[in-house]
Structure formats: C-alpha cells, structure tokens
Amino acid sequence: MRADLPHIFPKLKSAPYEITSPEDVKYNCVAWAAGPEEVRRRWWPAPSPFYYWPLEPREETIEGFIKAFGQLGYAACDGGDLEPGHERLAIYADETGTPTHMARQLPSGEWTSKLGELEDIRHVTLEQLSGSDYGRVVQFLRRKITA
Amino acid sequence: MAELGTPELHQTTVEERFQTLARHWQEESAHLSSFTKRILNPHYQQIIGMGPAVVPFLLRDLAREPRDWFWALSSVTGENPVAAQDEGDVVAMSTAWLNWGKQRGMI
C-alpha cells in the first residue's frame, strides 16, 4: 500500500511535488543525493556492513557528512540558489543537529529527494519536507559540474 | 485446537507479535533514512527484545522481500554473515542471512 506522503510531511502540499519513482528499499536519500548511479546500496554513517559510507571514521554529524561528500568533490557553501555550472545538495538535521535527510538540486532549481525506502519525489522547496521527522535544512554543499 | 501453553500457541503468539510490531515499525520508519532513527524506533527495539524466538520470522520475512532486519538479526544472534564488500546492499545482505538461516535449518 502506498504511503500517505502529505500525512507524513504536512508541509508537502505547500508547493507542487511529483512522485518520480516507485518505492525501493535498496537505496535511501543519501545514496540518491550521491547520484543516480548509487541506487544499489544504502548510505549512512552506520556500522559496516549495515550501510555503506565512503570514509572512516563514520560520523553521524554535519561535519561528518561534509567530509564524506568531500570525497565526491562537494564543499560546504551558503544557500540553495541555483548556480549555473554547479550541483547543490542540502542536508537536513533534527533539533540536536544530527543529520536526518539529504536532497539534491535538479538543473531546474527544484529538488529531488528519496524518502527513506519510499518513493523519490521532485519538490519545489526544501521547506516542503521540513518538520518533526526531518527537521530543517542546516547545510548546503556544492561542486562544479564536470562535462 | 491448541491449548494454553502448547508450542503451537506459543509459535502463533510470537508470529503475531512480530507481525504487529513489524507493521508499526514500517508505518513509523519507512520514510526515514537515518539508521539510528530506524533502529531506535520502539517497535524495532521490541522485536530485538523478543530474542532468538523471533529469528525464524525475521528470516521468513526477508525471504518474502528484502527488509531492514539485518541489525536485529545480528543483535539477536551475535552473527554477521555479510561480506564487507556487500555493505549497504540490501539484496546481497538478504541473501547472506537467508543462506545463514538455511544452513541452520531455520527456514
């Protein structure tokens, strides 16, 4: 049975969104943020072998996520505005500052998110997924697009 | 019909309890990517707390479809049959645990 996304994310309907994939347990939001080629495994700084993580030590902190995505060429930046020639990611964190979710910016300036083991969605604003479970966006990352 | 205290009733009770907890965990955690939040969910913790009796039901559920029972299986059994190169690969981890269960006659 398909999950009731507006029930889970009360702000989702504050702007347009579109479901862009079926549910899939094989990958999660961080894998999807790392890129479509990572949809065969789940990423999280959890003990191996339960999740994949690109570096050690595995730190479930914003700094740990910045370091991990530094392996992919991303660096911390300010703001989520669309910037030609660059790709952006957003990291959500809860009230303790612990990461909860990542979204990837699309060339249109909209965002794509994998919702745990549920569907991927395309959403216009990052605020649409903010709330008690994902918290709010606390960090942006960017890298230059290489041909 | 099974009588109170018979193995059949015990099995049914364990399975029903597992299915109820699994359904609640799925409802509350399916949208989460955080390993920590997923396994610290109270329903997931109660499944771990059921101990060795729940292992066959975790494996049968895995045989139906890959699900995130790997931490629970490892916590309850103290085993880890997953190869390091398969980390995060739900399909490969499911296969490893199902092979582990078959070798022990659990499924």
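Start by selecting A:Arg104 and A:Thr112: A:Thr112, in strand 5 of chain A, is the bridge partner of A:Arg104. Keep in mind as you click around that this is a predicted model. Now widen the selection to strand 4 (99-105) of chain A and strand 5 (residues 111-114) of chain A. These two strands pair in the antiparallel sense, over two bridges.

**Along the sheet of chain A**

Color the strands of chain A and follow the sheet from side to side. You're looking at an open sheet of seven strands with antiparallel pairing, in the order 1-6-5-4-3-7-2. Which strands are at the edges? Select strand 1 (17-19) and strand 2 (75-77) of chain A, as each of them pairs on one side only. While the sheet is on screen, tilt it a bit: neighbouring strands are turned by 30° against each other on average, if you ignore direction.

Next, go back to strand 5 of chain A and step over to strand 6 (residues 120-123) of chain A. Four bridges hold this antiparallel pair of strand 5 and strand 6. One spot to click on is A:Lys114, whose bridge partner in strand 6 of chain A is A:Asp120. Then trace the hairpin of these two strands, with its five residues between them, and stop at A:Gly116, where phi is positive, near 60°.

From strand 6 of chain A, move on to strand 1 of chain A. The two run antiparallel and are joined by three bridges. Put A:Tyr17 and A:His123 on display here; A:His123 belongs to strand 6 of chain A, and A:Tyr17 stands opposite to it.

**The helix lying on the strands**

Now select helix 3 (residues 62-70) of chain A. What does it lie across? Strand 2, strand 3 (86-93), strand 4 and strand 7 (136-144) of chain A. Look down strand 7 of chain A and you'll see helix 3 running at about 20° to it.

**Two cis prolines**

Stay in chain A and pick out the loop between helix 2 and helix 3, where A:Pro49 lies. Zoom in on the peptide bond from A:Ser48 to A:Pro49, which is cis, with omega near 10°. Then slide along to A:Pro57, also placed in the loop between helix 2 and helix 3 of chain A. Here a cis peptide bond joins A:Glu56 and A:Pro57, with omega about -5°.

**Chain A from further out**

Zoom out until chain A fills the view. Chain A has three helices and seven strands, and along the sequence they follow the pattern α-β-α-α-β-β-β-β-β-β. The radius of gyration of chain A is 14 Å, close to the 15 Å that the globule rule gives for 147 residues, so chain A is as compact as a globular protein of that length. If you want a feel for scale, the C-alpha trace of chain A spans about 35 × 35 × 30 Å along its principal axes.

**Where chain A touches chain B**

Bring chain B back in and select the contact between the chains: 26 residues come from chain A and 20 residues from chain B. On the side of chain A that touches chain B, the elements giving two or more residues are helix 2 (29-34) and strand 4 (99-105) of chain A. Color that side of chain A by class and you get 14 nonpolar residues, five polar and seven charged.

**Over to chain B**

Hide chain A. What's left has six helices and zero strands. The C-alpha atoms of chain B fill a box of roughly 45 × 35 × 25 Å along the principal axes.

Select helix 4 (residues 55-64) and helix 6 (residues 90-103) of chain B, whose axes come within 10 Å and cross at roughly 130°. That makes helix 4 of chain B oblique to helix 6 of chain B. The crossing is left-handed. Show side chains for B:Leu59, B:Leu62 and B:Ala63 of helix 4, and for B:Ser94, B:Trp97, B:Leu98 and B:Gly101 of helix 6, which make the contact. By class, that's five nonpolar, two polar and no charged residues.

For the last stop, pick helix 3 (residues 42-49) and helix 5 (residues 70-77) of chain B. They pack at an angle of about 35°, with their axes 9 Å apart, and this crossing is right-handed. The residues to display are B:Tyr44, B:Ile47 and B:Ile48 of helix 3 and B:Ala72, B:Ser75 and B:Val76 of helix 5. This contact has five nonpolar residues, one polar and no charged.

Methods: Residues are numbered from 1 along each chain as its sequence is written. Chains are lettered from A and ligands numbered from 1 in the order in which they are written. This is a predicted model: local features need pLDDT of at least 70, side-chain atom pairs count only at pLDDT 80 or more; totals for chains, interfaces and linings use all residues. Two residues are in contact if their C-beta atoms, placed from the backbone, lie within 7 Å. Ala, Val, Leu, Ile, Met, Phe, Trp, Tyr, Cys and Pro count as nonpolar, Asp, Glu, Lys and Arg as charged, and the others, Gly among them, as polar. Two strands pair if DSSP finds at least two bridges between them. Axes are lines fitted to C-alpha atoms, for helices over the stretch in contact, and angles run from 0 to 180 degrees between N-to-C directions. Angles under 35 degrees count as roughly parallel, over 145 as roughly antiparallel, 65 to 115 as roughly perpendicular and the rest as oblique. A crossing is left-handed if the near helix is turned anticlockwise from the far one by less than a right angle, and right-handed if clockwise. The radius of gyration is taken over C-alpha atoms; the globule rule is 2.2 Å times the number of residues to the power 0.38.
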